[in-house]
Amino acid sequence: MSSYPTPSQYQEALQAPAVAFSDSELQDSTPRTNPLGLPQPITGSFAAVFPVTTATGGRYAAKCFLSEMPAQHARYEAVAEALEAADHDAFVEFAYQPEGISVRGNAYPLLKMEWTEGTTLNRFVDDHLDRPGVLDRLVEAWARLMADLEGMDLAHGDLQHGNVLVETAGEALRLRLVDYDTMYVPALEGRASAEVGHRNYQHPDRTDADFGPALDRFSGLVVYTALRACAARPELWDEYNTGENLLFRDADFYAPEESSLFDALAQTESLRALTDALRTACYVEPADVPPLADVREGRLEPSQVSVSRSRARQGRDAAERSTVARVFLPTTIGGGGIALGLAAVGWFLVAAGVLLVGMGVGVGVVATRYRRLSLVRRRRRLEQEAGRFASAIRELEREVESLQEKRAELRTSMDERRQERLREIQAKVLHDRLKHHFVEEVRNVEGLTHKHVVRLKAANLRTASEVTPEAVEKVRRISDRARARLKMWRAALEEKYTDEIPDALSPAQERRLQRYIEHRIEDLDEQIARTREKSQTQRTERERIEERLDEMPDLSVGRYVRYLLRIDTLPDRAEGPPTPAPRSEADSPPDRAPVPEPVEDDRPWWE
């Protein structure tokens with residue numbers, strides 16, 4: 001299905017859970033509602049989550065998708081099997097249901113997840129800034145979780161404040177991870193990532209091609225550094241918290257040498273080594289970022305990538321000259337010379353073969369190295385992020401259209417709703433009158449006897465209110481003539497109470513209906529305003545990314561080949577994306593310590 005429902009359409013469907021859900025437990029559940037009694041979703045860019053409570057008291061999150069993810073079913077099956085085998089308390093139970101929810105007659109996938117009572121990571125930090133001891137325990141809990149993920153060969157893929165919940169039990173802290181859309185498990189080896197993660201936590205070079213067990217190392221280091229910083233210098237929170245991060249922003253990772261936050265952290269002795277490790281991790285390939293445990297304990301192997309700060313200023317791509325670029329030109333000349341020599345002695349076919357093989361190997365090497373260039377990867381990530389924002393904007397625009405249609409429908413269907421409400425009231429008044437007439441009275445009707453009373457009671461029909469024409473048709477072992485007499489008995493009672501049944505709403509009922517419609521319209525107007533505000537925020541972020549793309553130099557394959565042939569150069573990093581805005585002098589501390597001098601080129605980066 002190309003088009004998935006909007007959040008408001010899911011909301012409409014969930015007013016009748018027994019009809020909407022295919023899961024028997026969810027069918028007998030009650031969604032959390034807003035003041036108007038409508039199911040209340042927690043909406044995101046690509047899903048709407050409805051908290052529900054089952055009849056037995058169980059609580060779940062029903063995740064309804066707003067668009068289809070690549071190989072969604074296969075991904076969730078693989079993740080479910082891996083998490084069940086891992087049996088770690090950081091993961092919540094979930095079940096992917098390919099046709100879990102029905103909206104307007106069409107079935108759509110649903111994720112049924114265990115509801116966990118926890119506080120999002122950024123809110124927990126905000127609430128405990130004045131308690132460094134609690135933050136220290138949180139730091140240790142985070143380090144244990146990262147070590148466990150490394151040990152299990154798993155990666156969440158989108159570690160960020162909204163996907164990490166903190167549960168407390170006395171002094172103990174437990175971290176729970178939610179949202180497994182980008183989860184890596186060994187069974188998914190070789191696939192591309194469904195998303196590239198939250199921009200304020202991910203490596204600037206990460207693209208959808210980066211999908212493996214090392215996927216969480218950079219974001220894990222970002223969160224760990226931020227938590228350590230908040231425990232040591234809580235005043236940084238007010239300055240750098242945006243509500244969508246833990247101190248760091250994506251601009252800090254694109255240009256860490258120009259980041260005021262990195263400079264501020266480097267002034268604290270206890271954070272300096274950790275800050276330098278994160279700063280340098282921004283320049284190595286995502287897969288070369290070391291595990292958090294190695295960073296903490298200094299157990300880094302010399303074979304791991306090392307980048308000095310002076311080289312980092314020039315960018316990782318500058319190192320290409322010392323590897324592929326240094327041998328590319330001599331190899332090309334040598335291969336061409338061999339081919340010419342073979343041709344000169346008459347071995348034309350062999351020369352052609354050597355030339356073709358050399359060209360094939362050369363193209364493969366160039367393509368592989370080109371895709372690994374930091375500048376190319378960063379452009380690709382930004383393009384993917386821009387595409388993601390564009391998709392989110394389209395979904396929000398669809399939601400606005402859906403809400404506006406509902407609003408117009410409310411305005412134009414007033415008479416229909418009035419008649420519907422009148423029918424409900426008339427049915428209730430008639431029921432209140434007929435419920436006092438018991439089926440024993442049918443013995444007074446000619447042709448009906450005690451036997452018919454027994455048959456009615458056997459069908460669980462005990463009052464005239466229950467003896468509807470439809471119900472009479474289902475009574476067994478009575479004649480058609482008896483059925484007709486029973487219907488006539490019911491019709492006679494209805495005629496008796498005709499004058500007591502209202503033919504119009506009372507002024508109070510009319511006012512209540514008017515207020516209900518007005519409140520619904522006000523609620524829809526608020527939803528439309530919120531959705532438009534979200535859409536504008538997404539547009540602003542997309543424009544920021546597009547501006548960054550425009551200012552970032554575009555390295556073509558042709559220019560890279562010319563660079564390898566030593567007739568051109570790579571773009572300078574100074575031509576790159578905008579750097580984080582530095583703090584003003586008024587915001588800077590009076591006795592600001594100087595930033596440490598860069599280490600020598602021959603010194604490993606972790607030192």
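Where does His 128 lie? In this predicted model, selecting His 128 takes you to the loop between α5 (121-127) and α6. Because its relative accessible area is 14%, below the 20% cut-off, His 128 counts as buried. If you then display its surroundings and leave aside neighbours within four places in sequence, you will find His 128 in contact with Val 134 and Leu 135.

**The nonpolar core**

Select next Leu 138, which, together with Ile 101, Trp 142, Tyr 180, Leu 247 and Phe 248, touches the most other members of the largest nonpolar core, a set of 96 residues. Apart from residues up to four places away in sequence, the partners that Leu 138 touches are Leu 121, Phe 124, Val 125, Val 166, Leu 173, Leu 175 and Leu 227.

**A run of antiparallel strands**

Ile 101 makes a convenient bridge to the strands, since its bridge partner in β6 is Tyr 108. Colour β5 (residues 94-103) and β6, and you can follow an antiparallel pair joined by seven bridges. The two strands form a hairpin with two residues between them, and in the turn Arg 104 has a positive phi of about 55 degrees.

From β6 (residues 106-114), move across to β4, with which it pairs in the antiparallel sense over five bridges. Two positions are worth labelling here: Cys 64, whose bridge partner in β6 is Leu 110, and Ala 61, which stands opposite Met 113 of β6. With β4 (residues 59-65) still selected, note that six of its seven residues are buried, so this strand is largely enclosed by the rest of the structure.

Adding β3 (residues 47-54) to the selection shows another antiparallel partner of β4, the two being joined by seven bridges. On this side Ala 61 of β4 has Pro 51 opposite it. The hairpin of β3 and β4 has four residues between the strands, and Gly 57 takes a positive phi near 95 degrees there.

**A separate selection: β7, β8 and β9**

Now select β7, β8 and β9, an open sheet of three strands that are paired antiparallel and stand in the order β7-β8-β9. Which strands stand at its edges? They are β7 (119-120) and β9 (172-177), each having a single partner strand, so that one side of each is left without a neighbour in the sheet. Between β7 and β8 (residues 164-169) there are two bridges, in the antiparallel sense, and Thr 120 has Leu 165 of β8 as its bridge partner.

**Enclosed spaces**

Turn next to the cavities, of which there are four with a volume of 30 Å³ or more. The largest has a volume of about 80 Å³, and to see its lining you can select Met 146, Leu 149, Glu 150, Leu 154, Pro 213, Asp 216, Arg 217, Gly 220, Leu 221 and Leu 292. Two or more of these lining residues come from each of α6 (132-152) and α7 (217-232). Coloured by class, the lining shows six nonpolar residues, one polar and three charged.

The second largest cavity holds about 40 Å³ of space. Its lining consists of Arg 199, Gln 202, His 203, Pro 204, Asp 250, Phe 253, Tyr 254, Arg 381 and Glu 385. The helices that give two or more residues to this lining are α9 (250-254) and α16 (374-412), with α9 supplying the largest share, three residues. By class, this lining comprises three nonpolar, two polar and four charged residues.

**A pocket to finish**

For the last stop, select Thr 331, Thr 332, Gly 358, Met 359 and Gly 362, which lie nearest the centre of the second largest pocket among its 15 lining residues. About 410 Å³ of space lies in this pocket. Which element gives the most to the lining of this pocket? The answer is α15, with eight residues, while α14 (324-344) and α15 (348-372) each supply at least two. What classes of residue does the lining of the second largest pocket contain? Nine of its residues are nonpolar and six polar, and no charged residue is found in it.

Notes. Residues are numbered from 1 along each chain as its sequence is written. This is a predicted model: local features need pLDDT of at least 70, side-chain atom pairs count only at pLDDT 80 or more; totals for chains, interfaces and linings use all residues. Side-chain values use heavy atoms; hydrogens and water are left out. A nonpolar core is a set of buried Ala, Val, Leu, Ile, Met, Phe, Trp, Tyr and Cys residues joined through side-chain atoms within 4.5 Å. Buried means under 20% relative accessible area, exposed over 50%, partly exposed in between (1.4 Å probe, protein chains only). Contact means heavy atoms within 4.5 Å. On a 1 Å grid over the protein atoms alone, a cavity is a set of points where a 1.4 Å probe fits but cannot get out, and a pocket is an open set with protein on both sides within 12 Å along at least five of seven lines; lining residues have an atom within 4 Å of a point. Grid points are joined across faces, edges and corners, and a volume is the space filled by probe spheres set on the points. Ala, Val, Leu, Ile, Met, Phe, Trp, Tyr, Cys and Pro count as nonpolar, Asp, Glu, Lys and Arg as charged, and the others, Gly among them, as polar. Two strands pair if DSSP finds at least two bridges between them.
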